Each structure stands twice: as C-alpha cells, then as structure tokens.
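Visitor: Please present the structure under discussion, so that its side-chain pairs and helix packing may be examined in turn.

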Amino acid sequence: MSKPKHPRGLADSEAQAITHNIRVSPRKLNLIAAMIRGSKAQEAVATLTFSKRRIAQTVKKTLESAIANAENNHQLDVDRLVVSKAEVGRSIVMKRFAARGRGKSSRIEKWFSHLKIVVAEQQAPAASNEVGAA
C-alpha cells in the first residue's frame, strides 16, 4: 500500500529548485529575485556572481540547482533555459528582545524566507528563409 502518485505541477519543459528557511527578510530577497526574473539562466548566474548583496550567493546556488535539475532530471537544453519564475515567500519569524533605556525592552523580529526558482526551456526561434532586402 503506497500513496497515489502525485501529478507533476510543472510543464514538461520546466524544472524547479526550492530553498527553505533562508535567513533574510522576504523583502530583501525579492529585490534579488526581481533581478533575475525573465532573464536567461546563464545571464542570471553571471548577475548573481558579481552582485554585492550577501544573499545573492544563496540565490545563485538555488538557480544552479534548478539548472542541474533541468539538465539531469528532465533532459532540457541548458543553453535555452530562462528563469520563468522566482517566487519569494515568508517563513518563520524569530522573535527576540533587546534592552532599551530606563529598564525597558523592545522586540526584534528576525525574518526567514522561502525561495522557489523555476527555469523553462525557451523554444528555438524559427529560422526564416527570407533574405533581407538590401
């Protein structure tokens, strides 16, 4: 007795990678995700490699995992991959307290995030046989 097989949520030309509980706020992570949304996979890796933001290296690892999943698990062409989705979600919030003046305290919230990157194989552009008029 096993569970019934779950249908695949993605198209045949897509692959994904998910990273849970990244120690950065979703707002900051979304700035990095917005940089790579819609770009070619290799350009996105280059952008993340030279980004000055601390969290860019974690996003790069997730993107490289999605690319590897596309190549090894779904036999997609790596050169035609595009970042179709880069979704950021809220995770847990650690609540801490810091001392303040006059014997008071204030609450500090340490946000965590989830990241889901979906890469899709872009269809090859149709080569036209027409020669431009010169």
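**Salt bridges and helix packing**

Guide: In this predicted model, Glu-109 counts as partly exposed, at 35% relative accessibility.

Visitor: With which residue does the side chain of Glu-109 meet in a salt bridge?

Guide: Side chains of opposite charge can pair when their charged atoms come close. For Glu-109 the N to O distance is 3.0 Å, within the 4 Å limit for a salt bridge. The partner is itself partly exposed, with a relative accessible area of 48%. The residue is Arg-107.

Visitor: Is Glu-121, which forms a salt bridge with Arg-80, buried or exposed?

Guide: The closest N and O atoms of Glu-121 and Arg-80 are 3.3 Å apart. This pair links distant parts of the chain, with Glu-121 in strand S3 and Arg-80 in the loop between helix H3 and strand S2, 41 residues apart. Arg-80 is partly exposed at 30% relative accessibility. Because the relative accessible area of Glu-121 is 17% and the cut-off is under 20%, Glu-121 is classed as buried.

Visitor: What is the orientation of helix H2 to H3, roughly parallel or roughly antiparallel?

Guide: H2 (residues 41-49) and H3 have their axes 9 Å apart and pack at an angle of about 160°. Angles over 145 degrees fall in one class, so H2 is, relative to H3, roughly antiparallel.

Visitor: How many nonpolar residues does the contact of H2 with H3 have?

Guide: The residues in contact include Val-45 and Leu-48 in H2, which meet a set in H3 that includes Leu-63 and Ile-67. By class, the contact has 2 polar and 2 charged residues, and the nonpolar residues number 8.

Definitions and conventions. Residues are numbered from 1 along each chain as its sequence is written. This is a predicted model: local features need pLDDT of at least 70, side-chain atom pairs count only at pLDDT 80 or more; totals for chains, interfaces and linings use all residues. Side-chain values use heavy atoms; hydrogens and water are left out. Helices (H or I, at least four residues) and strands (E, at least two) are DSSP runs, numbered from the N terminus. Buried means under 20% relative accessible area, exposed over 50%, partly exposed in between (1.4 Å probe, protein chains only). Axes are lines fitted to C-alpha atoms, for helices over the stretch in contact, and angles run from 0 to 180 degrees between N-to-C directions. Angles under 35 degrees count as roughly parallel, over 145 as roughly antiparallel, 65 to 115 as roughly perpendicular and the rest as oblique. Contact means heavy atoms within 4.5 Å. Ala, Val, Leu, Ile, Met, Phe, Trp, Tyr, Cys and Pro count as nonpolar, Asp, Glu, Lys and Arg as charged, and the others, Gly among them, as polar.
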